[in-house]
Amino acid sequence: MDSLEIGLWVTGGMLVMVLLGMRVAFAAALSGLIGLIWIFWAKKGMDPDQFIWALTVAVKTAGQVPHGKVASQALSLIPTFILIGYLAYYAGLTRALFEACKRWIAWVPGGLAVSTVFATAGFAAVSGASVATAAVFARVAIPEMLKIGYDKRFAAGVVAAGGTLASLIPPSAILVIYAIIVEQDVGKLLLAGFIPGIFSAVIYGFLIIGLALTIENFGPPVRGFTWRERFASLPPALPIVAVVVIIVFFVYNPFGGDAWGTPTEGGAVGAFVVFVMALVHGMRWNEFKDAIIETARLSAMIFTIIWGVLIYVRFLGFADLPHAFADWITSLHYSPMTILICILLAYAVLGMFMDAIGMLLLTLPVVYPAVMALNGGEAVSAADATFGMSGPMCAIWFGILVVKMAEFCLITPPIGLNCFVVAGVRDDLSVQDVFRGVTPFFVADAVTIALLVAFPQIVLWLPSMA
């Protein structure tokens, strides 16, 4: 049995373990270790006397991965981005942001739901985690919507769907993970997420307005705010703007010249600014401790997944599966765009059974080289490329597409994590209620993804300016 066949058998076994309920991190790590042992032992002709040697080499190879790959400065962005979100909640920025959006937007049909979407988009600009965004607004926005007569399932769906915007709008932990896995520029990927993230929020807003115009008693607009009250709501929400400006200037100086620093430094400064704001707004020790513990818990979960999957990725390199898959993809007698769409649809199906981060970590080492090969390679120029963009730009475009698919998976049954979080925060809601509430947003996400595929400049305009 050659290395490629071993790769296919081990990958199949790993998928079976995941479908049976084993955590992605442990299934990937175990599969990777078994695969490495198998490959090294096969090189010795499966000689029983050489099994201990194969086991020793495999353990040493796998043992080098956690520190060698995770001791990366770029990965330090993840805990700082998550910390920003939790501190922002205790600083009262979520309530202030929601109140500002309500006073300025809630006059439109379905206005309070639209306000919630844009408030979650604003909070996403200081939070790197979709789960944290959904949990926060389940406490802030759902009670307000229920007071004026929204169906509780739809109110929960708005929050769960709005929370997914944190996956695209920087600071985004999942974009950082993508950049590290495919070895692309973190700063440009973070920049690329801004416009698609806002675009997604606008599509959500139009969906809600359309539902409000066609369904009787859907959700009344909220009127009666004076211009003075509207302008008075802006100053409490300004710290969010400050954090966004800091992160942008540390990634890319829009006025020319060098950036102020690295994205990692920008995340640290942003976290410090929000920490000061939280102290000014009366954050106590217990609240600070909760923010640190929640940040550590979520960061540890993400890093554990990364460690486990990178062991599997190391095995894939020995099995040469990514190269074989890329060759197979490019040999298909279909148009590259058709193949790309099929890959995105496969992500939609896979996301029903896996969490977003685990799904991307497991698939990108195989799928990313194939997409790059479809475009003509990582070094191809825009003039010679299949999709009309250079290799680095194609990597950014594909990254935004797969992260948007990961957003979609956060609300699809049966694994949709945001739906479980919202149901967990609200005792009056079941998970089934939340899944019913997010159903209309599947259509909005499908429209958004189709437009991002059809018009790549929505994604590429901002990073191309850097």
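Arg95, Glu99, Lys102, Arg103 and Glu144 are linked in a network of salt bridges, and this network is a convenient place to enter the structure, which is a predicted model. Side chains of opposite charge can pair when their charged atoms come close. Within the network, the side chains of lysine 102 and glutamate 144 meet in a salt bridge, with 3.6 Å from N to O. This pair links distant parts of the chain, since lysine 102 belongs to helix H6 (residues 93-105) and glutamate 144 to helix H8 (residues 130-147), 42 residues apart. Lysine 102 counts as buried because its relative accessible area is 11%, and glutamate 144 is likewise buried, with a relative accessible area of 18%, where the cut-off for buried is under 20%.

**Further salt bridges**

The count of salt bridges comes to 10, and three of the pairs are set out below with the distance between their N and O atoms.

| Pair | N to O distance |
|---|---|
| Lysine 102 and glutamate 144 | 3.6 Å |
| Lysine 404 and aspartate 445 | 3.0 Å |
| Aspartate 433 and arginine 436 | 3.6 Å |

Lysine 404 forms a salt bridge with aspartate 445, their closest N and O atoms being 3.0 Å apart. The pair joins distant parts of the chain, with lysine 404 in helix H19 and aspartate 445 in helix H21 (residues 431-454), 41 residues apart, and both lysine 404 and aspartate 445 are buried. Aspartate 433 and arginine 436 also meet in a salt bridge, but they lie within helix H21, where they are separated by about one helical turn because they are three residues apart. Aspartate 433 is buried, with a relative accessible area of 13%.

**The overall fold**

The secondary structure of the protein consists of 22 helices and zero strands. For 466 residues, a compact globule would have a radius of gyration near 23 Å, and the protein agrees with this, having 23 Å. Its C-alpha atoms fill a box of roughly 80 × 50 × 50 Å along the principal axes. Of the 466 residues, 55% are buried, and among contacts between residues at least 6 apart in sequence, 75% join residues at least 24 apart. The accessible surface comes to about 19,400 Å², of which 68% belongs to carbon and sulfur atoms. The protein carries 23 positive and 26 negative charges, and the mean positions of the two sets are 10 Å apart.

**Helix H10 and its surroundings**

Helix H10 (residues 173-182) is largely enclosed by the rest of the structure, because eight of its 10 residues are buried. The buried residues are Ala173, Ile174, Leu175, Val176, Ile177, Tyr178, Ala179 and Val182. What covers them includes helix H5 (77-90), helix H11 (186-214), helix H15 (285-319), helix H18 (356-375) and helix H19 (391-409). Just after H10, glutamate 183 takes a positive phi of about 60 degrees.

**Proline 463**

Proline 463 lies in helix H22 (residues 457-465), and it counts as buried because its relative accessibility is 1%. Leaving aside its neighbours within four places in sequence, proline 463 is in contact with Lys188, Ala192 and Ile396. The C-alpha atoms of proline 463 and leucine 190 are separated by 8.6 Å, although these two residues are 273 residues apart along the chain.

Key. Residues numbered from 1 in each chain as written. Predicted model: local features only at pLDDT ≥ 70, side-chain atom pairs only at ≥ 80, totals over all residues. Heavy atoms only, no water. Helix = DSSP H or I, 4+ residues; strand = E, 2+ residues; numbered from the N terminus. Rg over C-alpha atoms; globule rule 2.2 N^0.38 Å. Buried < 20%, exposed > 50% of the residue type's maximum accessible area, 1.4 Å probe, protein only. Contact = heavy atoms within 4.5 Å. Areas by Shrake-Rupley, 256 points an atom, 1.4 Å probe, with all protein chains shown as cover. Lys, Arg positive; Asp, Glu negative; His and termini not counted. Charge placed at Lys NZ, Arg CZ, Asp CG, Glu CD. Salt bridge = Lys/Arg side-chain N within 4 Å of Asp/Glu carboxyl O.
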